[in-house]
Amino acid sequence: MSTTPINAEQSEFNELVFSYALHQKLMQLQFLEDSEASEPPKSKRLRKLEPTDLKNLSEVEFSGLLYWLELQKGYKELPESEKSIIIKNYSVKKLSLDHFYSASKFPEKCKNREFVMNNFTFVPENRTGFELIDDDEQQIWGKRKCFSRTFDRFWSKIINPFVDIKITDAEIVFMHLMLLWSDSANSTVSQTTQIFMEERRKWAQTHLSIWYQTHGVQNFEERFQKILEFVEEIEVISGMHCADFQLAEMYKIGDLKEFFYEKLCYAPKNVEEDFYEQFKEFEEQKESTSSKTSEGLNVFGDIDPTRLVLNSTNLGNVFAPLPDDVPYFFDGCIM
């Protein structure tokens, strides 16, 4: 069946689906060695995530967040204070949904509750992924206890169902749009912005429905309802995860201060009005050759600004097969 966009509005949605797949591949390429990036391997042995992986993972995911926000219609036109509110409200949901999707691409690993990350590593069942180099056994045990309730929920309510229904890029993009423009931020933004956010949510629902129809998805209404339930569940899980993290910090068993996760994703949602301005200042460092952040930008940790630069030499490799490319996840999703 033809996947030709029926109008400019549907074309915009299709292009976001295409851009999301591109976004994920570009991030993966940053985790490959230069020799592998020039000729991506058909398969790569997954290894256990180590504490030393977190800095690199954090930098790539931070740049990915900025890239994705740049693609979102209307975001750059919002007042600076509302950009700050929305980015903090969305960041943990963006991170979570991307991670859930990555994990779901490896059904065999999911059977053992081994959580595969986008950097070709996996978090074993007896770890959380938040372990640090100097953690002792008591801290490791404490983190498992602290996060176990949330982890149990996202395995049963999100990741395993993603595997079962063979979730697609288009559906992931739809969920991202619903989470980005979520009404959970309504109490902290203007009425004008509330109306715009509602319009974007309705727009996303309309164009996922059209996408289903143009791709010949049978009984798509039932599937569409399931996707909406995932959105609600991710809202709940993200809130639980933030609460878990703050509890871990309270008991001195969680500390990611050197990474952007703590300051942006898991921090309380009350934000300074100039938070987005700090983001913009940091992004401008991509034109600098220095890898050090200025004193005023330490809120994001010591992230190498070169991470925010697209390496054009890799563009030719973007569509080459990568280890997690399973046909049914991309079938009909890239226009």
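Accessible areas here come from the Shrake-Rupley method with a 1.4 Å probe. The model is a predicted one. By that method, the accessible surface of the protein chain comes to about 15,900 Å². Carbon and sulfur atoms hold 49% of that surface.

Now look at the chain as a whole. Its secondary structure comes to 12 helices and 3 strands. The chain has 335 residues, and 54% of them count as buried. Next, take the contacts between residues at least 6 apart in sequence. Of these, 76% join residues at least 24 apart.

Start the tour with helix α7, residues 169–180. How far apart are its end C-alpha atoms? They are 16 Å apart. The helix has 12 residues, and at 1.5 Å a residue it should span 16 Å, so the two values agree. The expected span is 1.5 Å times one less than the number of residues. Helix α7 is also mostly covered, with 12 of its 12 residues buried. Among them are the charged residues Asp169 and Glu171. His176 is on the buried list too. So are Ile172, Val173, Phe174 and Met175.

Helix α4 offers another buried residue. It runs over residues 80–104 and includes Glu82. Glu82 is buried yet has no salt bridge. Which side chain of opposite charge is nearest to Glu82? It is Lys83, 9.9 Å away. A salt bridge needs a side-chain nitrogen of Lys or Arg within 4 Å of a carboxyl oxygen, so a gap of 9.9 Å does not qualify. Glu82 does have a polar partner: a polar atom of its side chain lies 2.7 Å from the backbone nitrogen of Ser190. Glu82 also touches Val189, Ser190 and Thr193, not counting residues up to four places away in sequence.

Move on to helix α8, residues 191–214, where Ser209 is found. Is Ser209 buried or exposed? Its relative accessible area is 17%, so Ser209 counts as buried. The side chain of Ser209 reaches the backbone oxygen of Gln205 at 3.0 Å. Leaving aside neighbours within four places in sequence, Ser209 is in contact with Phe220 and Phe224.

Helix α5 covers residues 107–111. Lys109 lies in it. The relative accessible area of Lys109 is 22%, so this residue is partly exposed rather than buried. Buried would mean under 20%. Which residues does Lys109 contact, leaving aside its neighbours within four places in sequence? They are Leu46, Glu114, Val116 and Phe122. The C-alpha atoms of Lys109 and Val123 are separated by 10.0 Å, and these residues are 14 apart along the chain.

Two loops complete the tour. Most residues other than glycine have a negative phi. Arg113 has a positive phi of about 55 degrees, although it is not a glycine. Arg113 sits in the loop between α5 and β2, the strand at 115–116. With 26% relative accessibility, Arg113 counts as partly exposed.

Phe120 also has a positive phi, about 65 degrees, and is not a glycine. Where does Phe120 lie? It is in the loop between β2 and β3, the strand at 121–123. Phe120 has a relative accessible area of 3%, so it is buried. Arg113, by contrast, is partly exposed.

Key. Residues numbered from 1 in each chain as written. Predicted model: local features only at pLDDT ≥ 70, side-chain atom pairs only at ≥ 80, totals over all residues. Heavy atoms only, no water. Helix = DSSP H or I, 4+ residues; strand = E, 2+ residues; numbered from the N terminus. Buried < 20%, exposed > 50% of the residue type's maximum accessible area, 1.4 Å probe, protein only. Polar contact = N/O pair within 3.5 Å; in protein donor to acceptor, adjacent residues only side chain to side chain. Contact = heavy atoms within 4.5 Å.
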